[in-house]
Amino acid sequence: MKVLEITELSVFYGDVQALWNVSLSVEAGKIIALIGANGAGKTTTMKTICGINPIASGRILYDQREISGMPVHEIAELGITLVPEGRQLFPKMSVEDNLLVGSYLKRTRPNRSKNMNRVYDIFPRLAERRKQTAETLSGGEQQMLAIGRALMQEPKLIMFDEPSIGLAPILVMEIFRIVQELHSMGLTIFLVEQNVHHTLKIADECYIMENGRIVGHGTGHELESDPKIREAYLGF
Ligand code: ATP
């Protein structure tokens, strides 16, 4: 079943068109990835799904329901959560308070302490550092905190915007492991990544974006063996 279905989506920043007739879909329980160079329009796609960017034309269906034009908080209440690029934590606030920020939704507020314990079970390092301010965490721990904050919203569809960017190789592996673990817990994943090599290994399907348009689509395995993809994105 399709959880998310985007049809012919166009988005502008002022006079500049950032997305051109983008169509893609995300099936329940799958890892679907979106790859492409800097400025291709990946972040714009995710922000538009969340209701942050207005839609010029096209539609977005979530669970067969039109969400185009809905306000951000209503979309979040439906179970769509974004782990944003650059983590967007509150650096001077504690780990615990950053997690609490993620529990503002009406739907999940009553489950606050249960959800926090679940986050600490998944990320024991956050439990150890619960009283520390976010700015004292390492880059990898900060990314875990951003993911933990997203989990406080009990997402059904979790979207990651370049979660491994700027991390050391061993932590990149750790982030991909976490994404797979969340997937095995039943979450549907929509992943934007620059690390194409790892992404194609874990994604059920992948879309390729260039200059605001979808220019390719296939299973991770298909794209991995496609000579054009290998040359453009995998450095072969
Ligand atoms: P990156 O990997 O650099 O984040 P991206 O694929 O996520 O790239 P977007 O951030 O979606 O790309 O940007 C798509 C296009 O829209 C780019 O040309 C960018 O300059 C432009 N753009 C993004 N945000 C804005 C904005 N707030 N105002 C004007 N133009 C913007």
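A: A polar contact is a pair of N or O atoms within 3.5 Å; within protein, one must be able to donate a hydrogen and the other to accept it, and residues adjacent in sequence count only if both atoms are side-chain atoms. This is a predicted model, in which local features need pLDDT of at least 70 and side-chain atom pairs count only at pLDDT 80 or more, while totals for chains, interfaces and linings use all residues. Residues are numbered from 1 along each chain as its sequence is written, and side-chain values use heavy atoms, with hydrogens and water left out.

Q: Which side chains offer an N or O atom to a ligand oxygen?
A: Asn38 does so at 3.2 Å, and Thr44 at 2.5 Å. A polar backbone atom of Gly41 lies 2.8 Å from a ligand oxygen.

Q: How many residues surround the ligand?
A: There are 13 (a heavy atom within 4 Å). Gly39, Gly41, Lys42, Thr43 and Thr44 are the closest. Four are nonpolar, six polar and three charged.

Q: How many salt bridges does the whole structure hold?
A: The search finds 12 (a side-chain nitrogen of Lys or Arg within 4 Å of a carboxyl oxygen of Asp or Glu).

Q: Which partners does Glu96 meet in salt bridges?
A: Glu96 meets Arg130 at 3.9 Å, N to O, and Lys131 at 3.7 Å. Glu96 and Lys131 are 35 residues apart, with Glu96 in helix α3 and Lys131 in the loop between α5 and α6.

Q: Is Glu96 buried or exposed?
A: Glu96 is buried (under 20% relative accessible area, 1.4 Å probe, protein chains only; exposed is over 50%, partly exposed in between). Its value is 18%, whereas Arg130 is partly exposed at 31% and Lys131 exposed at 64%.

Conventions: Ala, Val, Leu, Ile, Met, Phe, Trp, Tyr, Cys and Pro count as nonpolar, Asp, Glu, Lys and Arg as charged, and the others, Gly among them, as polar. Helices (H or I, at least four residues) and strands (E, at least two) are DSSP runs, numbered from the N terminus.
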